[in-house]
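Reader: Please take a close look at one part of this model for me: the packing of its nonpolar core. Show me how the surroundings connect to it, and keep it brisk.

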Amino acid sequence: LIWLVEWKWFDRFIISLVVVNTVLLAFYQYRQDEDTGFNWFFNKVGDPILLGAFIAESAVKILAWGCCVKGTHLRSLMDSAKAAAAESQAELRCDDAVADDEDVMQLAIELSRMNIVHRKLYLHDVWNWLDFIVVVTGMFSAMRGGNGGSFSFIRVFRVLRPLKTNKKIPEMRFLVNTVLHSIPKLMNVGIMALFLFSIFGIVGIQLWNGIFYRQCRSLEQPALLDGRCWVWPTVETGLSSERLCGGRFACTEGWCGGHVDDPLEKYRPTYPNGDDLGKPWCEQPKLIAATDFIHFDHIGGAMLIVFQSMTLEGWTDIMYWVQDSNSFLQWFPATLYFFVLVSLTNFFLINVFLAIVDASHDKITGEASEEEVEETHEQDFEEAEIATNEFDEDKQGEAEEIDQPWLDILPVRWARNLAFSDPFTYTILFFIFLNVVTMCLDCFPPLSELRYFLYVSEIMFLVIFATEMVLMIVACGPLGYVRNPVCVFDGIVVIVSIVELSAAGNSALRALRTFRLFRVLFKLGNHSRPFRVLLVSMIKTGRSLGYFTILFVLVLLMFTLLSMSFFATKFHFTDEGISDDPSHRTVIEDDSAKWCTGPYYPGEENEDCVPRANFDTLLWAFVTTFQIMTGENWNTIMYDALRALHPHWVAP
C-alpha cells in the first residue's frame, strides 16, 4: 500500500479526479432544479462517484501510513530507538560485551503496533487534514440524503477539493506553506487589529450613536398613519432629500429630526398632544440605505465601518455622513477620527501583515543573507546575459547562413545588400514610428481636416511595408523568410492590412492594425542589445510568476465556487433598486425562485431583478469575486449579501 500511495501515477490519477470535480462544480446550474438536466447528473452520478474515489484515497493512505499519534510521544519513541540502536552497535564492537537487542526489538514492535514505522502519518500532514475534512463532510452530506437537509451548508466544503492540487505541485505547495507558516505570527497582528477595531468602534458608539436617523422632515411633528402607527415624513425634493442633517448641513426645507431615542433632545420627535397614545412607529427606510448595516448604533455595525475604512473603499463617504449629521464642534473630531483610523489600520496594520508574510518566506527559503541575495541578483542578470548571448549567437549563425545567397544572381545580391544594411533598417524603424503617430490621430467622430491625410498616409505606409516584405523575400528567399519569426510577423501584419484596406476599412480586421505597434519591439530587440536584455529579463520574470498565477486563479476559483454555494439565486431584489445605485433594495422573499418572479417581471426566465454583480452563474460569480479581490465597490456587494442572506452575520 505504501508503494501504491507514493506511486506518481496514483497522485496524477487523484489530480485528474480533482480537475473533473472542479469542472463539474463550475458548471453546476443554480438557476435550474436539482433533479433536472446537468444538476441531476452531478448530484446522482458524478458527485457520489468522486466522493467514493476520495474516500477510497483517504482509506488507502490511512492503511498505508497509519492515522495519527501524539507527536511528542512519537519523537520520544524514535529518539529512544536511535539511542538504543547506537548503544547496541557500540557494545557489539567490544570484545567483552554482548549485544542486547531486546530493548530495540521491543521498541520496534511497539512502533509497528502503532502503525508509525513509516516516516509519514496521515493526519500529520496539513494537506491530508484538508482531504479528511472534505471526505467527512461529503460522507455526512450523503448520509443526509445528498442535500444535507437542515445541514445543507456542509456541501460548501466540497469546493475545497481544488486545493488538493497544491499538494501535488511542489512550487505551489511552497507558496501556500509560506502563508501557513506566517499564520502563528499573524495572530499577534490579529489581536492588535481586534484591539484597534474595538477601540475605534467604542469611540464611534459613544460619539455618534443614532446620528444616521437624522433627516430633513417635511412636518415639524410626526403624524399618526391611519390610527395604526406614527410616521415622520421626510422631504422628497431638493438637496434636503439627499443629505443627513444636524451638522455641517442644515435643512433648507423642513425640520431636522431623528430617532425617538436620539442622544440630543432637539432632534427627537415631539408628539402633537405630547403623548404617543401607545402606538408604535411605522417602519421607515433610512436616507442612506448602507447605514442599515454600517452605523455606530452597536459594536457590530461600528466594527464594520472600521473594516470598510481600512480597505479605503468608501471611507470618505462615511466621513461626510458623520460630518453632515453633527454639530460644528463635532465634525472636526469626526474628520480627525477617520484620519487616525485609516493611518493606523491601512498604512500600518496591512503593511505589518505583508512584512510578516515576507519574513516567513525568507525563513522558509533559508533566510538568505545579503551576499546570497546579491549573488542571486547577479545570477539572474548573468542568466539574462547568457540568454541574450545565445540569441546573439543564433542571430550570428543566421547571419552566417544568409552570407551565402539562396540564389546567386544580381537582383538577389542587390536585395541582400540593401535589406541587411543599417540605413535601410533605421529607415523602416522611422516609418514605423511615423505610422504609430498617425494611428494616434484617429478619433471619433473623424475630423474632416485629417480624414484625407490619414487615408493617404495609410496607403503610403502600406506600400512601404509591402515593399519591405517583398525585398526581404527576395533577399532571404521564401524558405528563409518563413524561418524567421520576425519576418513572418511582419508579413502577417502587411497581409492583414491589405485585406483590411480592400474591405474599405470597415471590417473587424481594422483592429488588427494595432499589431504594427509590436513591430517596434521586434525591431529594437533585433538591433539594440540593452533593449534585448530588458526583454529577456521581462520574459524570465513572467515565467517565474507562472506558479503564483496558477495559485491565484485556483484561489479565485475556490472563492467563486464558495460564493455560488452561498449566494446563488439570492440576489433577487424588487425593481426599485436594480440600477447602479443600490438604494433601498428590497429582497424578493422566495427561496424557491430561480428567476425573477412577480408582476413586474414578465416571461419565464427574467433576470431584471438581479444586479450586475451576482453569483448566479459561473461567469458572473467569477467576475464578482475578482471585483471584490481588487477592492472595487466590494462594500455594495456585501450590502446586497447582507440583505439577501439570513442570518446577516454570514455575509461579512
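Author: The core comes after a short overview, and its surroundings follow.

This is a predicted model, in which local features need pLDDT of at least 70 and side-chain atom pairs count only at pLDDT 80 or more, while totals for chains, interfaces and linings use all residues. Residues are numbered from 1 along each chain as its sequence is written, and side-chain values use heavy atoms, with hydrogens and water left out.

The protein chain holds 21 helices and four strands. Both are DSSP runs numbered from the N terminus: helices are H or I with at least four residues, strands are E with at least two. Of the 652 residues in the protein chain, 37% are buried. Buried means under 20% relative accessible area, exposed means over 50%, and partly exposed lies in between (1.4 Å probe, protein chains only). A contact means heavy atoms within 4.5 Å. Take contacts in the protein chain between residues at least 6 apart in sequence: 69% of them join residues at least 24 apart.

Now the core. A nonpolar core is a set of buried Ala, Val, Leu, Ile, Met, Phe, Trp, Tyr and Cys residues joined through side-chain atoms within 4.5 Å. The largest one has 37 residues. Phe-212, Ile-294, Phe-296, Trp-321, Val-322, Tyr-337 and Phe-338 touch the most other members. Two or more residues each come from H8, helix H9 (299-310), helix H10 (315-324), helix H11 (328-364) and helix H21 (634-644). H8 supplies the largest share, eight residues. Domain 2 (188-362) and domain 4 (544-645) both contribute residues, so this core lies between them. Those domain bounds come from an automatic or database domain assignment.

Look at Val-322. Its contacts are Trp-208, Ile-211, Phe-212, Phe-296, Ala-334 and Phe-338, leaving aside neighbours within four places in sequence. Another core lies apart from the largest one. That second core has 34 residues, including Val-18, Leu-24, Phe-54 and Leu-123.

Two salt bridges involve helices that feed the largest core. A salt bridge is a side-chain nitrogen of Lys or Arg within 4 Å of a carboxyl oxygen of Asp or Glu. Six are counted by this rule. Side chains of opposite charge can pair when their charged atoms come close. Arg-243 and Asp-324 meet at 2.8 Å, N to O. Arg-243 lies in the loop between S3 and S4, and Asp-324 in helix H10, so the pair ties together parts 81 residues apart in sequence. Arg-243 is partly exposed, at 29% relative accessible area. Asp-324 is buried, at 9%. The other bridge joins Asp-640 and Arg-643, with N to O at 3.4 Å. Both lie in helix H21, three residues apart, about one turn of the helix. Asp-640 is buried at 3% relative accessible area, and Arg-643 is buried at 10%.

A third bridge spans a longer stretch of chain. Asp-616 pairs with Arg-31, the closest N and O atoms being 3.0 Å apart. Asp-616 sits in the loop between H19 and H20, and Arg-31 in the loop between helix H2 (8-26) and helix H3 (37-65), so parts 585 residues apart in sequence are tied together. Asp-616 and Arg-31 are both buried. Ala-568 touches Asp-616, along with Tyr-30, Ser-563 and Phe-615, not counting residues up to four places away in sequence. Ala-568 is found in the loop between helix H19 (546-567) and helix H20 (618-630). Ala-568 is buried, at 7% relative accessible area. Its C-alpha atom is 9.4 Å from that of Gln-29, 539 residues away along the chain.

Finally, the surface. H8 reappears here, giving the most to a nonpolar patch, with five residues. The patch consists of Met-192, Phe-195, Ile-199, Val-203, Leu-207 and Phe-348. Together they have about 520 Å² of accessible area. Accessible areas come from the Shrake-Rupley method with a 1.4 Å probe, and for residues only the protein chains shown count as cover. Patches take residues with over 30% relative accessible area and no salt bridge; like charges are joined within 9 Å, nonpolar side chains (Val, Leu, Ile, Met, Phe, Trp, Tyr) within 5 Å. Leu-207 lies in helix H8 and is partly exposed, at 40%.
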